[in-house]
Every structure is written in C-alpha cells, then in structure tokens.
Amino acid sequence: MRAVIAPEPGGPDALTVVEVDDPEPGPGEVLVRVAATAVNRADTLQRQGHYRPPPGASEVLGLECSGTVAALGEGVTGWSVGDEVCALLSGGGYAELVAVPAGQLMPVPDDLDLVQAGSLPEVACTVWSNVFMIAGLQPGERLLVHGGAGGIGTFAIQLAHALGATVFTTAGSAEKLAVCADLGADVTINYREQDFVEVLGEAGGADVILDNMGAKYLPRNVDALATEGRLVVIGLQGGTKGELDLGKLLRKRAAVIATALRARPTAEKAAIAAAVAEHVWPLVADGRVRPVVHTAMPLDRAPEAHRLMEESGHVGKIVLTTGALGAAS
Ligand SMILES: NC(=O)c1ccc[n+]([C@@H]2O[C@H](COP(=O)([O-])OP(=O)(O)OC[C@H]3O[C@@H](n4cnc5c(N)ncnc54)[C@H](OP(=O)(O)O)[C@@H]3O)[C@@H](O)[C@H]2O)c1
C-alpha cells in the first residue's frame with residue numbers, strides 16, 4: 001500500500017510517499033481501507049523528530065481516519081466488512097490501509113460524507129475527554145477556548161455552546177474571530193489586541209479553560225480562572241516550562257491538568273470513543289455541531305497540508321484523501 005512517512009526529520013518536504021507492506025489486523029483489531037485522514041499538530045512535531053510514536057505504534061503518520069472496514073481480526077464483533085467507520089489512531093492514518101483496535105472505531109455520524117467524518121475523531125475525542133470527562137464543564141458555566149479557529153477550537157466552541165456553556169474564545173485575526181462567533185462563541189477576543197485575563201475578569205472568570213499554548217499562557221490562564229476553575233492544557237505551542245503560582249491556585253481552589261490523548265491506554269481510548277459516539281454524534285447528526293473542513297487534498301500533497309497548518313493559514317481541519325472515497329464523497 002502507499003503510505004506517508006518522514007524517513008529523516010525535517011520540514012514539510014521531509015514527508016515522503018512510500019510503498020510498504022499492507023498491515024494485518026491482529027486479534028481485536030479491524031483493518032480499515034482509509035478514505036480520508038486529517039492533519040494534526042502532533043504530525044508536524046513527529047515529522048520534525050520531536051514526537052516519537054508511542055511503543056508499538058506505526059511509523060506512518062496520522063492520528064485519525066475515516067473509511068470502510070476491509071477485514072476483521074480474531075475475536076472482533078459488532079463490525080462487518082464494508083461498514084463505513086471513522087477511527088482514533090495511535091498512528092498509521094496517512095496510508096491506504098490501517099489496523100486499529102476495534103474499540104477505537106466509531107460509526108460515521110448520520111448524513112456525513114467520509115471527508116467530513118475523517119476530520120472528526122481527534123477533535124471530538126480530545127474535546128469530549130478533556131472539557132467534559134476531565135474538567136466536567138456544566139451548562140451555564142464559562143469556557144475559555146484558546147485558538148478558537150483551529151481544528152480543536154472550532155469543535156470545542158460548537159460542542160460547549162450546544163451543551164449550554166457560555167463560550168469565550170481567542171484567535172489572532174478579526175476574520176477568524178468572526179468564524180468563531182458564527183460557530184457559537186459568545187465573546188471573541190483578539191489575542192494580538194486584547195488581554196483575555198481582563199475580558200474574563202470582567203465576566204467573573206473562566207470555569208474551564210482549554211489551552212493550546214502551555215507555558216506562554218500559564219500564569220495568565222491561572223489569573224483568568226474563576227474560583228474552582230479547571231485549566232486543561234492540551235497543547236504546548238507556547239513552550240513546556242512555565243511558572244505556576246500555587247498561592248493563586250490555592251486561594252481559588254483551582255486545578256491545572258495536562259493530558260495527551262495519543263499515549264493513553266487502548267482501553268481508555270475505547271471508553272472515550274464510545275462516549276463520543278453516545279454523547280457527541282447525536283449533536284453532529286442533528287446539525288448542532290458540524291465538521292469544519294478548511295480544505296481536502298490528496299495524500300501526496302501532505303507537505304502542502306503541513307505547511308498550511310504551520311502557517312496557521314487554515315480554519316478548522318485540513319483533510320487528506322487517499323482516492324478511495326467512492327460514492328460517499
Ligand atoms: N493533548 C492532546 O491530546 C491533543 C490532541 C489534539 C490536539 N492537541 C493540541 O491542541 C492544539 C490545537 O490543535 P489543532 O489541531 O486545533 O491545531 P490548529 O488547527 O493548528 O489550531 C491551533 C490554533 O492556535 C492559534 N494560535 C496560535 N497562537 C495563538 C495564541 N498565542 N493564542 C491563541 N491562539 C493561538 C492558531 O491560529 P491564530 O493564531 O491565527 O488564531 C490556530 O488556529 C495543538 O497544540 C495540538 O497539539 C492536543
């Protein structure tokens with residue numbers, strides 16, 4: 001099969017299409033014929049040599065996909081050859097075939113095509129697990145989403161809005177903030193011109209913050225938290241080492257949590273995928289949460305797709321297609 005790897009660490013042009021052996025589904029795994037995958041920041045870090053795949057994961061890039069079931073490994077029940085699916089992966093999505101633990105498969109939400117479905121697993125699982133399962137966002141609470149126009153941000157805004165939270169978001173341009181407002185953000189903050197701590201302070205503080213910046217925003221995120229607020233750090237675009245004022249946390253009875261989805265055990269990923277299919281897919285199927293696909297391009301244009309993400313020239317997700325889209329596209 002064809003797959004995309006980065007044989008040597010480097011810039012976007014390090015990505016190379018190669019012929020590799022077809023993966024075989026092991027016990028409990030399903031072989032998926034990939035129709036679409038999508039670009040994640042972790043892929044750009046992996047390409048640069050800064051983020052090794054977890055032990056046992058494929059060297060082929062790609063943390064999510066959509067497609068059709070091509071074969072079932074020993075002991076798999078509940079799925080049939082030919083089913084349309086999408087999946088959370090530990091790697092291997094930039095390819096024509098991928099073997100995935102059955103628990104990480106999800107059905108394609110009603111009325112979505114496979115390009116749209118390929119854009120969803122990573123954002124849906126990340127946002128549901130962090131904002132709702134871990135931080136426990138409640139209806140009526142205030143959520144601050146940093147990087148609101150990105151893949152994670154566009155999904156988090158819609159999901160939190162649909163579930164009754166008041167959503168604040170940051171982005172770097174008026175155009176991106178307008179998109180965020182259209183998706184349901186109640187308050188938009190241009191981080192180049194405004195101080196999000198001041199905006200949140202006037203509103204009573206953030207009950208939950210979903211943060212992509214890490215160290216750069218750590219002190220100000222703590223300042224922006226409400227009493228009993230929960231800061232969930234999922235990205236380190238602003239560095240890994242910052243200073244944390246424990247006195248401020250203590251007075252606010254607040255929490256700082258950092259998580260990475262990729263390294264979680266298979267059983268935890270399966271629990272997240274099942275929760276997403278149960279709680280999130282109905283909102284997608286009824287149109288209250290929609291996939292935001294900036295563009296879809298063939299897999300062999302992966303270098304261009306990575307460049308686009310690194311320049312932040314996109315809104316929502318950048319999808320890569322394998323050419324196996326069939327009638328569903
Ligand atoms: N921990 C996990 O399990 C997990 C899973 C998935 C993703 N992530 C992380 O989540 C983050 C978002 O992922 P993604 O796929 O949504 O990436 P993305 O689409 O590239 O979105 C990142 C966004 O950050 C914005 N941004 C850049 N500097 C900013 C700043 N100073 N303040 C606020 N926003 C800023 C960018 O656009 P503008 O600056 O133009 O507004 C961009 O829209 C990444 O760091 C990724 O690694 C973590």
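Q: How many helices and strands make up the secondary structure of the protein?
A: The model is predicted. Its secondary structure was assigned as runs of helix and strand. The count comes to 11 helices and 15 strands.

Q: What radius of gyration does the protein have, and why does it agree with a compact globule?
A: The chain has 329 residues, so a compact globule would have a radius of gyration near 20 Å. The C-alpha trace spans about 55 × 40 × 35 Å along its principal axes. The radius of gyration agrees with the globule value, at 19 Å.

Q: What percentage of the residues count as buried?
A: Buried here means under 20% relative accessible area. Taken over the 329 residues of the protein, the share is 52%.

Q: What part of the exposed area do carbon and sulfur atoms supply?
A: The protein exposes about 13,400 Å². Of that area, carbon and sulfur atoms supply 51%.

Q: Among contacts between residues at least 6 apart in sequence, what share joins residues at least 24 apart?
A: A contact needs heavy atoms within 4.5 Å. With pairs at least 6 apart as the base, those at least 24 apart make up 68%.

Q: How far apart are the mean positions of the positive and negative charges?
A: The protein carries 24 positive and 39 negative charges. Their mean positions are separated by 7 Å.

Q: Which domains divide the protein, and how many residues does each give to the contact?
A: Domain 1 covers 2-120 + 292-328, and domain 2 covers 124-258. Their C-alpha centres lie 28 Å apart. The contact takes 10 residues from domain 1 and 12 residues from domain 2.

Key:
Residues numbered from 1 in each chain as written. Predicted model: local features only at pLDDT ≥ 70, side-chain atom pairs only at ≥ 80, totals over all residues. Heavy atoms only, no water. Helix = DSSP H or I, 4+ residues; strand = E, 2+ residues; numbered from the N terminus. Rg over C-alpha atoms; globule rule 2.2 N^0.38 Å. Buried < 20%, exposed > 50% of the residue type's maximum accessible area, 1.4 Å probe, protein only. Areas by Shrake-Rupley, 256 points an atom, 1.4 Å probe, with all protein chains shown as cover. Lys, Arg positive; Asp, Glu negative; His and termini not counted. Charge placed at Lys NZ, Arg CZ, Asp CG, Glu CD. Domains from an automatic or database assignment.
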